[in-house]
Amino acid sequence: MYIVEIVIFFFLIGIIIGSFLNVCIYRLPKNENIVFPPSHCPSCQNRLRPKDLIPVMSFLLLKGKCRYCGEKIHWRYPVIEMINGLGWSVIILNYGVTIQGFVGIILFSLSLVIASIDLEHYIIPDSLVLVLILSGIIYHIVSRNLSLINILLGTVIGFTIPFVLALISRGGMGGGDIKLCTAIGMWLGLPGVFLALFLSSFVGSIVGITLIVTKIRQRKEPIPFGPFLVLGFFVTFFFQKEILTLYWSLF
Ligand SMILES: [Zn+2]
């Protein structure tokens, strides 16, 4: 019923929330408050008015430049807004306005912020991991999909595997990665945590090797692992059953 209207509605809300995600991506790594002060141009400090803050549209109308000082606005702003809007509409199109759908859009936006910050700053803010943990607890209480034992095992494994890898690799994995993995393990339980870690490492290795072979990156330059972790998490959360069925059917 009215699925097109619902999807368009979530697309628009998605790009509006995307503009808040931009604030988080810009301010969280600097330990700044994400609510106060109101949005301002990072170059001239002029406070932005509502007409400057219309997601995507303002960027296009201003031709990508600040209205007050003419400084270029980073392309990331409209891109993040569009990705969030598109992500939300695809998820709602697939799952409808259901608990699964809402969990999907929250995880999508959270993953987008974690990946963007890690890509640029090589850190995963504790506050975001905390949001992931708290939302996971609420999700388990509401959905009752997993037993408590399963959740605890997932959490312990989500901590242990990256912790051991960090010891072996001496710095290949950061503290932020370990905390994020622990939260992911808590969300997924067993066997999801294994699948998510496998998928993250698999995609991460392929991308890493490709970047080194094509000389886009030096061998010693670190590649942030957060984006791959959230990708593995997201794919596992939604497609665990399909992937495991496919896997077992191979034997
Ligand atoms: Zn400016």
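What arrangement do the four donor atoms around the zinc ion make? The four donor atoms subtend angles of 104 to 118°, so the arrangement is tetrahedral (for four donors, all angles between 85 and 135 degrees). The legends below take you there and onward.

This is a predicted model, in which local features need pLDDT of at least 70, side-chain atom pairs count only at pLDDT 80 or more, and totals for chains, interfaces and linings use all residues. Residues are numbered from 1 along each chain as its sequence is written, and side-chain values use heavy atoms, leaving out hydrogens and water.

**View 1. Four cysteines hold the zinc ion as its protein donors.** Look for the SG atoms of Cys-41, Cys-44, Cys-66 and Cys-69, lying 2.3 Å from the zinc ion. Donors here are N, O and S atoms within 2.8 Å of the metal (3.2 Å for Na, K and Ca); water is not among the atoms, so sites may look incomplete. Along the sequence, the donor residues follow the spacing C-x2-C-x21-C-x2-C. Cys-41, in the loop between helix 1 (3-27) and helix 2 (57-61), and Cys-66, in the loop between helix 2 and helix 3 (76-95), are 25 residues apart and link distant parts of the chain. Helices are DSSP runs (H or I, at least four residues), numbered from the N terminus. Both Cys-41 and Cys-66 are buried, meaning under 20% relative accessible area with a 1.4 Å probe, protein chains only.

**View 2. Helix 7 (residues 175-213) is bent.** At Gly-189 helix 7 bends by about 135°, and Pro-191 follows within four residues. That bend is the angle between axes fitted to the seven residues ending there and the seven starting there. Helix 7 has 39 residues, yet its end C-alpha atoms are only 28 Å apart, short of the 57 Å of a straight helix (1.5 Å times one less than the number of residues). After helix 7 comes Lys-215, whose phi is positive, near 60°.

**View 3. Helix 1 gives the most residues to the lining of the largest pocket, six.** A pocket is an open set of points on a 1 Å grid over the protein atoms alone, with protein on both sides within 12 Å along at least five of seven lines; lining residues have an atom within 4 Å of a point. The lining has 37 residues, with Ser-39, His-40, Leu-48, Leu-53 and Tyr-77 nearest the centre. Helix 1, helix 2 and helix 3 are the elements giving two or more residues to this lining.

Definitions and conventions. Tetrahedral: all angles 85-135°; square planar, octahedral: opposite > 155°, others 65-115°. Buried < 20%, exposed > 50% of the residue type's maximum accessible area, 1.4 Å probe, protein only. 1 Å grid on protein atoms, 1.4 Å probe; cavity = no way out; pocket = protein on both sides within 12 Å on 5 of 7 lines; lining within 4 Å.
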